[in-house]
Amino acid sequence: MNEAENKREYEMSFLLTPEILEGGLDFETAELKKLILENGGEAIQISSLEKKQLAYPVKKQNQAYLGVVYFNIDSGDLDKIKSVLALNTKVLRFLILNKPNKPVKSRVEPTMRIPEVIPLHESFDKKLESILKG
């Protein structure tokens, strides 16, 4: 089994401190990519960072830069990345998820059924017509 076969694809969402200047965002993205490469991974896609208002404070911050990165790495090397990110003061929070190999099929079943049409009695129909015609 070669090294490429051991690698799995991951998705990482992260929040960076809002104290980073706009010009420094590219540097932080490059540092994240460098961290992945140094630990034997390969960055597939990195989203541009967006400043977001947080629903609740994270490490006393009400705003943060949100980013997502997709990468391949051996699962044993993933712990190294986690430990570096945990110690990084610019990273407020991060979450790494396994990307599923197969697309997940939705098993949505109809919850509402259309009732069968029940014919009304003819006498009711006749009485209704007579009332409507006056």
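1. Start with N72: in this predicted model, N72 counts as buried because its relative accessibility is 17%, and the cut-off for that label is under 20%. The residue belongs to strand 4, which covers residues 61-74.

2. As for what surrounds N72, set aside anything within four places in sequence and you're left with contacts to K7, R8, E9, G41, E42 and I44.

3. Next, M12, which sits in strand 1 (residues 7-16). The relative accessible area here is 0%, so M12 is buried. Once neighbours within four places in sequence are left out, M12 is in contact with L32, G67, V68, V69, F71, L85, F94, L95 and I96.

4. One of those partners has a distance worth noting down: M12 and G67 are separated by 55 residues in sequence, yet their C-alpha atoms are 8.3 Å apart in space.

5. On to helix 3, residues 75-87, where D77, L78, I81 and L85 are buried. Looking down the axis of helix 3, the buried residues fall within an arc of 115°, so they line one face of the helix. The usual geometry is handy here: an α-helix has 3.6 residues a turn, so residues three or four places apart point the same way. A86 and L87, on the other side of helix 3, are exposed.

6. What covers the buried residues of helix 3? The cover includes strand 1, helix 2 (25-38), strand 4 and strand 5 (91-98). That ties back to the points above: M12 is found in strand 1 and has L85 among its contacts, while N72 is in strand 4.

Definitions and conventions:
Residues numbered from 1 in each chain as written. Predicted model: local features only at pLDDT ≥ 70, side-chain atom pairs only at ≥ 80, totals over all residues. Heavy atoms only, no water. Helix = DSSP H or I, 4+ residues; strand = E, 2+ residues; numbered from the N terminus. Buried < 20%, exposed > 50% of the residue type's maximum accessible area, 1.4 Å probe, protein only. Contact = heavy atoms within 4.5 Å. Arc of directions from axis to C-beta.
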